[in-house]
Amino acid sequence: MVRDFNIAEKEEDISYYAGFIGSAYMIGRALTSVFWGVVADRYGRKPVILLGTSTVVIFNTIFGFSVNYWMAIISRFLLGFLNGLLGPIKAYACEILPQEYQALGLSAISTSWGIGLIVGPALGGFLAQPAEKFPSLVSPDSLFGRFPYLLPCLTISVFALLVTIGAIWLPETLHFHKNNELESADAHETTEEKDSNFMSLLKNWPLMSSIIVYCVFSLHDMAYTEIFSLWAESPKSLGGLGYTTAEVGTVLSITGVISTKIMC
């Protein structure tokens, strides 16, 4: 995709520009994840879940229509910025299930992530550039011919739309307690008390160690997905493997299967 944008002066610079597109989504998520957690605690899990899936429908489709580098970066950034699904979904799983099944519910979320690692790369690898892969079915002058990366994005957006419609019937698990004394106490909470609560979180070693482990795992996960794809797709003359997009998608799907089995 970056190669098609013609923003890189040399072929070996493509990975540099592609890295910004890959990181734009996570930068957006990092900036607002805590905020969406607060919103979910105050107004409910369901609104945040619906907003997150709707965001996928809108901005993932826009990403497929990207005609230049900056449009791709902005759409990916906004996709992450407005998507606060992960935390509220975990809270939702704990609240909707009895205590003895909460671990199973959280593992189901991890398993769904693994399934995404199987299906996502496969869709991207096999459906991108359809006019080149399926010339008898897709004309270069057609919509998918003019936007070669729209088909996989649109496929995911349609699935996200179905999920959004289904989520409308999800029961809300956050119970609102209209206790005047509690509301009054919250309204008069001092800045010192808020700072004290924040410092107590930083001093909570079990919590912080879990966060650190999660950060390391996320770093490894994203680094592998991004760096391997660039290395595999790069030409052999530059030290790459010279894989096609379909071959890259196949390899990532196989590793996704292994990850899912481990999570299960």
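I started my notes at Leu 161, which sits in helix H9, residues 150-167. Helices here are DSSP runs of H or I with at least four residues, strands are runs of E with at least two, and both are numbered from the N terminus. Leu 161 is partly exposed at a relative accessible area of 41% (buried is under 20%, exposed over 50%, partly exposed in between, with a 1.4 Å probe and protein chains only).

A word on the source: this is a predicted model, where local features need pLDDT of at least 70, side-chain atom pairs need 80 or more, and totals for chains, interfaces and linings use all residues. Residues are numbered from 1 along each chain as its sequence is written, and side-chain values use heavy atoms, without hydrogens and water.

Next I looked at the surroundings of Leu 161. I found that Leu 161 joins Val 158, Leu 162, Ile 165, Ile 168 and Trp 169 in a nonpolar surface patch of about 620 Å². Patch residues have over 30% relative accessible area and no salt bridge; like charges are joined within 9 Å, and nonpolar side chains (Val, Leu, Ile, Met, Phe, Trp, Tyr) within 5 Å. A salt bridge puts a side-chain nitrogen of Lys or Arg within 4 Å of a carboxyl oxygen of Asp or Glu.

Then I stepped back to the fold. I noted 13 helices and 0 strands, and 29% of the 264 residues are buried.

Last, the cysteines. I found 0 disulfides (a pair of cysteine sulfur atoms within 2.5 Å). Cys 153 is buried at 9% relative accessible area, while Cys 215 is partly exposed at 47%.

Notes:
Areas by Shrake-Rupley, 256 points an atom, 1.4 Å probe, with all protein chains shown as cover.
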